[in-house]
Protein chains: 2
Amino acid sequence: MNIIITNNTNQPLYEIVYEQITTQIITGKLPAQFCLPSIRGVALELSISVITIKKAWEMLERQGFIYTIAGKGCYVATLTADERNNKRIELATAKISSSIGLMKSLELSKADIISIIKDIY
Amino acid sequence: MNIIITNNTNQPLYEIVYEQITTQIITGKLPAQFCLPSIRGVALELSISVITIKKAWEMLERQGFIYTIAGKGCYVATLTADERNNKRIELATAKISSSIGLMKSLELSKADIISIIKDIY
DNA sequence: TATACTGTGTATGTTATATATGTACAGTAT
DNA sequence: ATACTGTACATATATAACATACACAGTATA
């Protein structure tokens with residue numbers, strides 16, 4: 001597992017952590033049944049409070065990415081390749097959707113947007 | 001001038017207002033020297049506090065979109081077509097950039113992203 | 001010309017919510 | 001018993017949003 005905190009934006013810490021774990025589960029980097037490191041361990045390593053990590057873990061559980069056994073640990077849930085791919089598209093779509101409105105207001109065409117993406121990527 | 005508040009997301013009110021004014025200035029809907037309605041007027045119309053509107057107006061001024069004459073009002077700054085277009089690209093690029101990182105983490109190719117955009121737009 | 005009035009933006013102080021924290025508690029394995 | 005897990009509670013801090021009172025510019029009018 002691998003988490004990198006580079007808080008350039010003002011995105012909440014728990015959300016950053018949450019996003020990084022989900023992507024790693026979706027891309028298969030974290031396999032089913034994988035036992036996540038303890039929230040204390042992660043908190044210590046990232047110099048972040050236990051609570052913040054727990055909040056991220058809670059979101060992960062609510063979204064069905066992990067399951068928890070109190071006193072033991074947290075494990076990556078079993079997801080089929082299809083399920084993971086659906087989550088991937090769902091996440092990506094949601095993220096892009098939030099920008100599309102502004103693009104339209106700016107009177108940018110579909111082609112304009114694609115051109116910008118080609119530049120950035 | 002036209003502002004619509006549909007606070008579906010948890011984007012701050014002042015930011016929503018700010019974004020809508022900038023886009024209208026960038027697209028030329030609000031011409032240079034145009035006198036914005038008083039912050040009191042806007043606040044009343046949108047059922048929002050004066051402070052919230054003032055905050056949006058402050059951001060607009062800081063970004064060079066408007067200028068203020070105390071006691072008189074706030075006016076749209078003079079921007080060339082080029083300057084407006086630069087702002088447009090700048091804004092769009094910033095917005096999309098914030099999503100691209102996640103896309104890459106999800107191992108989505110440039111083509112994947114473009115395909116998603118074509119679907120949404 | 002002085003004064004009062006009405007419009008503008010500005011500054012002060014308050015409240016609610018969300019982010020992030022530390023510390024003490026409870027379950028499970030060895 | 002001990003050393004790990006996750007959990008719950010109370011709390012500080014920052015931000016968003018608010019109501020209200022203030023200061024300044026323009027204009028009418030005595």
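In which loop of chain A is Ser47(A) found? The legends below take up this question together with other close-up views of the structure, which is a predicted model.

**View 1. Loop residues of chain A with a positive phi.** Ser47(A) is found in the loop between α2 and α3 of chain A, and its phi is positive, at about 55°, although the residue is not a glycine. Ser47(A) counts as exposed, because it has 7 C-beta neighbours inside 10 Å and a residue with 12 or fewer is placed in that class. A second residue of this kind is Gln33(A), which is not a glycine and has a positive phi near 75°. Gln33(A) lies in the loop between α1 (13-26) and α2 of chain A, and with 10 other C-beta atoms within 10 Å it is exposed. As background to both cases, most residues other than glycine have a negative phi.

**View 2. The hairpin of β1(A) and β2(A).** Strand β1 of chain A, residues 66-69, runs antiparallel to β2(A), and four bridges join the two strands. Within this pairing, Thr68(A) has Cys74(A) of β2(A) as its bridge partner. Three residues lie between the strands of the hairpin, where Gly71(A) takes a positive phi near 85°. The two faces of β2(A) can be told apart, since Cys74(A) and Val76(A) form the covered face, whereas Gly73(A) and Tyr75(A) form the uncovered one. Gly71(A) of the hairpin is also among the residues that come nearest to DNA strand C.

**View 3. The two domains of chain A.** Chain A contains five helices and two strands, which follow one another from the N terminus in the order α-α-α-β-β-α-α. The chain is divided into domain 1, residues 9-79, and domain 2, residues 82-121, and the C-alpha centres of these domains lie 26 Å apart. Their contact takes four residues from domain 1 of chain A and five residues from domain 2 of chain A. On the side of domain 1 that touches domain 2, two residues are nonpolar, two are polar and none is charged. For chain A as a whole, the C-alpha atoms fill a box of roughly 55 × 35 × 20 Å along the principal axes, and 23% of the 121 residues count as buried. Of the contacts in chain A with a separation of 6 or more, 59% are between residues 24 or more positions apart.

**View 4. Chains A and B about their rotation axis.** A turn of 179° with a shift of 0.0 Å along the axis lays chain B on chain A with an RMSD of 0.1 Å, which is the relation of a two-fold axis. Among the residues of chain B, Ile114(B) comes closest to the rotation axis, its C-alpha lying at 3.1 Å. The contact between the chains takes 29 residues from chain B and 29 residues from chain A. On the side of chain B that touches chain A, the elements that give two or more residues are α1, α4 (81-105) and α5 (110-120) of chain B, and α4(B) gives the most, with 13 residues. By class, this side of chain B has 15 nonpolar, eight polar and six charged residues. The copies meet through the same surface, because 100% of the interface residues of chain B are also interface residues in chain A.

**View 5. The surface near DNA strand C.** Around DNA strand C there are 24 residues, of which Pro12(A), Ser49(A), Ile51(A), Gly71(A) and Ser38(B) come nearest. At least two residues of this surface are supplied by each of α1 and α3 of chain A, and by each of α2 (39-46), α3 and β2 (73-76) of chain B. Sorted by class, the surface near DNA strand C has 12 nonpolar, eight polar and four charged residues.

**View 6. The surface near DNA strand D.** DNA strand D is surrounded by 24 residues, and the closest of them are Ser38(A), Pro12(B), Ser49(B), Ile51(B) and Gly71(B). Here α2 (39-46), α3 (50-62) and β2 (73-76) of chain A, together with α1 (13-26) and α3 (50-62) of chain B, each supply at least two residues. The surface near DNA strand D is made up of 12 nonpolar, eight polar and four charged residues.

Note on methods. Residues are numbered from 1 along each chain as its sequence is written. Chains are lettered from A and ligands numbered from 1 in the order in which they are written. This is a predicted model: local features need pLDDT of at least 70, side-chain atom pairs count only at pLDDT 80 or more; totals for chains, interfaces and linings use all residues. Copies are superposed by least squares on the C-alpha atoms of residues with pLDDT of at least 70 in both. Two residues are in contact if their C-beta atoms, placed from the backbone, lie within 7 Å. A residue is near a molecule or strand if its C-beta atom, placed from the backbone, lies within 6 Å of it. Ala, Val, Leu, Ile, Met, Phe, Trp, Tyr, Cys and Pro count as nonpolar, Asp, Glu, Lys and Arg as charged, and the others, Gly among them, as polar. A residue is buried if 20 or more other C-beta atoms lie within 10 Å of its own, exposed if 12 or fewer, and partly exposed in between; C-beta atoms are placed from the backbone. Domain bounds come from an automatic or database domain assignment. Two strands pair if DSSP finds at least two bridges between them.
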